[in-house]
Amino acid sequence: MLRYAGKRAILAVLVALTVSFAAFLLLSVATDPAAAIAGEGAEPEVIEQIREQLGLNQPLLAQYGHWLSAISHGDLGTSYYWRQPVSTLILDHLPVTLTLALAATFVALIVAIPLGTIAALYPNSTIDRFALTLAVSAQATPTFWLALMLIILLGVIVPIFPISGDATGWNYVLPAIVLGAHSVPAIMRLTRVGVLDVMGSDYIRTARAKGLYGYRLLSRQVMRNALLPVVSVLAVQLGHKLGGSVITESVFAMNGLGRFALQSIVGGDIPTVQMLVVLFALTFIGLTLLADLLNAWLDPRLRLT
Amino acid sequence: MKAPQTPLLEVSDLSVTLPVRESKLHAVRGVSFSLARGEALGIVGESGSGKSMTSLALMNLLPKSAERNASVLRLGEHDLLAMDQIEFAKSVAARRMAMIFQEPMTSLNPVYTIGRQLTETMTIHGTAGPKEARERAIDLLDRIGVPDAKNRLAQYPHELSGGLRQRVMIAMMLMNAPDLLIADEPTTALDVTVQASILELLAELRKELGMALILVSHDLGVVSQSVDKIAVMYAGELIETGTVKDVLSSPQHPYTRGLLASIPAPRGTGERLPSIPGTVPPLFALPSGCTFADRCSYAETKCRAAPPPMQSAGEGHLYRCILPLNTTGSSVRTAVSAKSQIHSHDNGSLLSARNVSRTFTVRAGLLGKGKALKAVDDVSLDVAQGEIVALVGESGSGKSTLARILLGLQESDRGEVTISGRPILSISPFERAKLIQPVFQDPYSSLNPRKTIGQTVMRPLELHGIGSAQDRRKEAERVMELVGLPRRLLNNYPPQLSGGQRQRVAIARAIVLQPKILICDEPTSALDVSVQAQILNLLLDLRDELGLSYLLITHDLAVVNCIATRVAVMHRGRIVESGEKDAVLRTPRDPYTQTLLRSVQTMKFSANPRAADGAAGLQ
Amino acid sequence: MAMQDTDLTVKAAAAEASADTPLDAPVRRLDSWREMLRHPGIVIGLAILLTLFALAIFAPLIAPYDPFDQQLSRRLLPPFWVEGGNPAYLFGTDHLGRDYLSRLLYGARISLLIGFGAAGIGCLLGVTLGVCAGYFGGVVDRVVSFLLTCQLALPGLLLAMALVFLIGPSVTVVICVIGLLHWSYYLVVTRAATQKIRDLEYVAAARAIGSNERQIMISEILPNLLSEIIVIFSLEVGVAVLAEAALSFLGVGIQPPTPSWGLMIAEGKTSVFLRPWLIILPGIFIFLLVLAANLVGDGLRDMMSKKSGR
Amino acid sequence: MRGGTAHNRVLMALAAVGFAMCGWLPVNAGPANDTMVVAIEGEIPTLDHLYTTARDTITLAELTDDGLFYVDPETLAYVPAAAESYVQVDDTTIDVTIRTGVRFHDGSPLTADDVVYTFSWVLDPDTKTNRGRVIGAWLDRVERTGPMQVRFHLKHPYPLAIRDMAFSVQLRKKGAYHPHGKADPNAQAQMLNGIGPYKVVDFQPGKRVTLERFDGYYADSPKGRPAIRHIVFRTIPDLSTQQAELISGNVDWMYNVPADIASNLGATGYATHLTGPTLRVNFIPLDAAGYTGADNPLTKLDVRRAMIHAINRRDIVKYLIQGDAEVIDSACHPLQFGCEQNVRKYPYDPAEARRLLVGAGYPNGFEVELWAYRERQAAEAVAADLAKVGIRVRLRFVTLTTLNQARKNHRVPAFFASWESGSTADTATIAEVHWSLKSDRNLSKDAVVARQMEAAARTIDAEERKRLYSAALKRIADQAYWIPLYTYSQNYLVSNTLAFPVTKDGLPRLFRAHWRANAVKASN
């Protein structure tokens, strides 16, 4: 188990390095941070001077080296758009995104898993059809459109929930529904297929031959197996939510990392964007790592490798 | 009938229908039998005969959509028909009647410990507390021959070998000491040597616990060893039933006779096996007459008019045929005899392997450490012109790796393979293809499902640029005829063909380039007995007509005994014994060969081979 | 299991993909049109898709106006069913007085182009990598799996936004960026399927008759991946359409005056309370297109898994 | 040390998650708790007005900061604010007496030292303030002449010195940018110590600024004492969400609302629609100098003229901008001093435009990028009009920051510009920043215009200035360096409980807002 975790961790580091390099390369080529830092109306000499100060006239690989070593010392740099240390900014925006992501995942789970399970237990029934229709519809609805519709319906016409901001728990209800709806299809299908597969498996036949049935069969023999793949996907989904709730956060005016990233992009604050890309990638890697260990804990077969 | 007591299990007029898309599959029809306490019944049949459905129907394990009907279905005092699922699960399942399955690898839940799965059988029924259940589990595992039983409880299924898993499975089902154990192909997935020990164990347990047993199998050998009564099923019907002795030594139904005759038995080299033409029909429509009529050479018009009734051929020996008792025995045609002589192997070795070794490095993950695995270890082997050399071994013995090396598809680490004296690796792929070709085991995966039969057979010619499109088509048709396939299948896709037909296509593809030698890797092990005989006969025919030589890789000693000329036994990557067939099979010297031979489930009450040869529909 | 040996996220992706595609049925076929036409989902999906295609192709003939023709004096007319609507402009006009119906019709061109274009690029990339990784295994597989892990770890939408923004938005850039960021499912599925097919006996048979690696990949393996690829393709069309809409909505995708549905929603959203149809109409079009693509994909998958006996 | 603070931040972040989940209740908008919520579209990255020109920050700075002088929104006259009085000693010397009793939000009194410190900081090119270059152009140095007296030494005569002091330089406490003895331009970005009528009590960058009425605000300020206790600036990037919040009572005030939405929503009765004039003009500078390519089409006079002819500005104003907006022909607001109206005019004439294009060698038109950061609809309408004569416009909507950056790198051939002139009715306030040869907003590189504009800004004689501006503006129009578009009217939507006096110069003075009498009563 320990070796397993160690191997995964080394791999995660490799991935992190590659991803950070990709982010650095992709976003460095197209921009000139020096001009941005110099501010409006700066003379070319000043820009050149800043460029020198920042080491921007060095070869790209050397720049990457400096960048990396700064990060490893905990120095994420200072945003010239926000005029604050990037680390502070990230920590400021993190709680909203984290809360939103967790809430959305929670919403997705409480809808998707029961629905997927029931759909699998009664294939081709009305509830199965309903679940599949829901999945297909949720998949086809643009996030921002759903957000606007929910604002109109539950924010204005029937004003139950607050529409924008992130001040209270209630503010998270609509965004969590919107963001959660995005994951419902995948998790539900996975649960459905998982339960369907497990129900048709030889060991469930064995369990039924032993006299297990109904809820006890489900809880004692089915769910753990059926939900194994869901764990991995949940990690992926949560990772994407942490990095991808740009639209939801924008429409609901929530001050999370997603909108922060969007603002930084359109603000041309590429160093901050680079840092965010790396951060999201690291979060993602960490989550999948976690999911892997969780999976290994749940599924003894994996512990051998 | 003088049943001493009321039977333990009584089944009358059992039928199972399964909806398949718009139509209905009549999987089991009108099956009746009974079983006394402590009695063992073997249900035998080929794939599609309905034998598994019958056992699942008894255990209430049919798919949800399936429909079960019967006039009587009774286990002891329980009327199974009157019980709903929950009641059955509470009071019958695993308490009175238990079942073990074919796949020990997948029949245990992989994420829970053995201990949990064993004790659960008792705790869910409340027949014992967790502690007692645990003790009982240890006792049972001990009894069943699982070493170190106590510590096994904390292990997970994947940590056990297949044989051990099957034992755990048996233990799990015996926790509540049921009256009846149904074993559905309990040994099919296991190696021969393990198979024997499991069957032995079942027999012992049955006697010890006074438990009745239903053993479902396609293998008459397996069944004949361990049961009192046999029921032969064909196309969803029970066509013959009786004591083992009655059914095996004087089979009455033409199908039973054919089945018995198709079992590969030792015979003169080159002699053809008797076989039943065709395959088991899927029954979407209820048959108007006898379901076997299409494959039966004794069929008459009235056979197709109405379902034949059960006839009695003695006490408790029933068969479903209109032919009078023992009529099929006398009017027998013998099998076609060998057409040609066996070529002597003086012409030197055609395919020759010298000291071939191959080691694999098994690596776990991107950063895992490598582990060496010797798949083939210093193997030398020769196949001479016209020979049929059998390479025998259990799974994991390295025989398939050796096959790939001999085909030139994989390089060996050491040693050399030569064809007609030339090193195989010096021969270009195109040239090599014209010398040596493979025939594989699985008729389902050996054909590209995206290509028509014609495309598959013509592909080698096309690739080699032989002839025009028209020429190639003609050649394909010729070869199809040679392997006994109708020309109309040329435009069909593999899924539309039966297993036997597919294997014929695979052979056609292999011989279309006119190679000198075929390497047949378990060519019949996925086929039913009756079809197996057809394919073995085809191989013999082709050898005679085309002068082919074969290297026959198999685990089935019966097949070896039937058609091989020489035998090599492989064990853990090495050839432990080789020589003339008779020498090896009759006087084995290597201990492994001896174990192997002992494990073979030979037919008890073997019928007179000549009489059996005269069975219906033999070619 | 080869899967667990290779990579952490590959597994997750595979699991997710397997919910969408029948990984375990690499050899099933989808050649029965008759059967397809009996599946309600496929029929509805295909009908919508074909209709949208027809609308896109014949937009110049169907559209009542030039979608770029600006009539400021007639701006923001409501659709005909709303009071004050002008029957000459069925769906009303937008903020610049352009005919909304015409823009929606031309928008179909953009969405279809981007959907199919991006899904095609992703397909090319993912299938090539997937087949190579699955077929050759070993180092190639490890490298490709590593690439996949990296790709999955990168925040897609964010990167797309940044790239489109930096390169400068245009239809081509949007297609390429979305395509380049959506190849993982193809890869995961084709890799797994290829790994299975690679070991099947007909591949060995093909090698035995003298086929080389390229011939085996193209003639033996690829045809058998076709069903899966079509399924993923149709699902990815939906994903790409949504991605474009999202980018355009955020203002870093298609730029005006090009009629893109996502952009139309973005433009209409300022007056969502006064003129809800401005966002509801393009929303419905996006919904229909993605729904159709998903229905077809789901339906095909459904048929395949039924055939594989699930 | 570093590790410690990082650790604390993580803890705080976690605590914030907890808070957010538990539902820690915020202040609501409205008279009930005396809090006015202002919705803004853009984010406020910094509180320090010296470092930004973003409009939302200017609106905010009116509340948090005072300069030495103030513009009376009714009369548009300059009146002393933190200054008590001033004396123009000669053309290049101004003496200012500082008002006593002015306090910073931290309680300390404003003295001459603070004023000198502030102006020195602004004048120092190393501090990179946004205002530094403009101020540095005319101001040489500031001298302390007494505890409450300072003397401004000008480089040359400058007519707008008082105006610049009113708008551009918010007073900072001495040492405000040297928190640890070291110069730090970011020192006031997060927590501002100003002298304005409101103090910042909470700032979440990009999200919200919470202001509280400053009780120590000097009583004789021309701004008067504010009526509302709390003002919250909330960034709501989505205009539709802003409207939703306004309708549901969580927002009291929003501006920059497109005219049709403002009037339509006002008509529903959910909110009050207010409109007022501004000094804002919109225009499109064209790359006549060839920055983006020596022989790009925009360097040709006929092309530029064709572009103005091609745009139906009258319709854009009438249908799109609405309100009090008017088409302009000269490169300034008609109300501004020196804004010559008798310049060459380019009426809407697509045929003429096409003819000119053919003459310039572009019978099939050409492709050009038009950058914009606001006024999407108008920019699109312009693009559509240009497309009709064959000029294929690629619109690039970006943020102001990005536009500034791109322009600095000479990647912008034309941009949709909008200038509000700091609410100053003098052509100088639009001329300097757009026509100086040093400004990257100047895409014409015209030395003659630059010289005339500069001379006008250094002259106090009104007639002479008029003459110089007239000449320059005529040349600009003749050369078609800009596409002059229209003046602009500001549309506000405010909650029905709020009274907000609309200003003449278009710069919102939020401290003048108060609750409607009946609203307060109703809520009590």
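**Exercise 1. Work out how far apart A:Arg205 and A:Asp202 are along their helix, then describe their contact.**

Step 1: A:Arg205 and A:Asp202 are three residues apart in helix H9 (residues 202-209) of chain A, so about one helical turn separates them.

Step 2: Now the side chains. This is a predicted model, and in it the closest N and O atoms of A:Arg205 and A:Asp202 are 3.7 Å apart. The cut-off for a salt bridge is 4 Å, and the pair does form a salt bridge.

**Exercise 2. Take the salt bridges C:Asp94 with C:Arg103 and D:Asp315 with D:Arg314, and say for each residue whether it is buried or exposed.**

Step 1: Start with chain C. The side chains of C:Asp94 and C:Arg103 meet at 3.5 Å, N to O. Both C:Asp94 and C:Arg103 are buried.

Step 2: On to chain D, where the D:Asp315 and D:Arg314 side chains come together at 3.7 Å, N to O.

Step 3: Check each partner against the cut-offs. D:Asp315 has 16% relative accessibility, so it counts as buried. D:Arg314 has a relative accessible area of 56%, so it is exposed.

Step 4: For the wider picture, a search of the whole structure turns up 60 salt bridges over all chains.

**Exercise 3. Find which residues are linked with B:Arg116 in a network of salt bridges, and which ring B:Arg116 lies over.**

Step 1: The network links B:Arg116 with A:Lys210, A:Arg220 and B:Glu120.

Step 2: B:Arg116 also lies over the face of B:Tyr112, 3.9 Å from the ring centre.

Step 3: Chain D offers another charge over a ring: the charged end of D:Arg396 sits over D:Trp371, 4.7 Å from the ring's centre.

**Exercise 4. Classify the aromatic pairs D:Phe69 with D:Tyr86 and D:Tyr70 with D:Phe511, and place them in the chain.**

Step 1: You'll want two numbers for each pair, because a pair of aromatic rings is described by the distance of the centres and the angle of the planes. Over all chains, the count is 28 aromatic pairs.

Step 2: D:Phe69 and D:Tyr86 have ring centres 5.3 Å apart and planes at 85°, so the pair is edge-to-face. The pair links distant parts of the chain: D:Phe69 belongs to strand E2 (residues 69-71) of chain D and D:Tyr86 to strand E4 (residues 83-90) of chain D, 17 residues apart.

Step 3: Look at accessibility. D:Phe69 is buried at 2% relative accessible area, while D:Tyr86, at 38%, counts as partly exposed.

Step 4: For D:Tyr70 and D:Phe511 the figures are 6.3 Å centre to centre and 55° between the planes, a tilted pair. Here too distant parts of the chain are linked: D:Tyr70 sits in strand E2 of chain D, and D:Phe511, 441 residues apart from it, in the loop between strand E17 (498-499) and strand E18 (514-515) of chain D. Both D:Tyr70 and D:Phe511 are buried.

Step 5: Chain D also has an aromatic cluster made up of D:Trp253, D:Tyr255, D:Tyr492 and D:Phe500.

**Exercise 5. Find which elements of chain C have the lowest and the highest mean pLDDT.**

Step 1: Get the overall figures first. Chain C has a mean pLDDT of 81, with 87% of its residues at 70 or more.

Step 2: Among the elements of chain C, the lowest mean, 32, belongs to helix H1 (residues 2-6) and the highest, 92, to helix H6 (residues 100-136).

Step 3: Residues 1-30 of chain C have pLDDT below 50, and this stretch has 112 contacts in the model beyond near neighbours in sequence.

Step 4: For the complex, the predictor gives an ipTM of 0.77 and a pTM of 0.80.

How values were computed
Residues are numbered from 1 along each chain as its sequence is written. Chains are lettered from A and ligands numbered from 1 in the order in which they are written. This is a predicted model: local features need pLDDT of at least 70, side-chain atom pairs count only at pLDDT 80 or more; totals for chains, interfaces and linings use all residues. Side-chain values use heavy atoms; hydrogens and water are left out. Rings of Phe, Tyr and Trp (its six-membered ring) pair if their centres lie within 6.5 Å; planes under 30 degrees apart count as stacked, over 60 as edge-to-face and the rest as tilted. Helices (H or I, at least four residues) and strands (E, at least two) are DSSP runs, numbered from the N terminus. Buried means under 20% relative accessible area, exposed over 50%, partly exposed in between (1.4 Å probe, protein chains only). A charge sits over a ring if NZ of Lys or CZ of Arg is within 6 Å of the ring centre and within 35 degrees of the ring normal. pLDDT is the predictor's confidence in each residue, from 0 to 100. Contact means heavy atoms within 4.5 Å.
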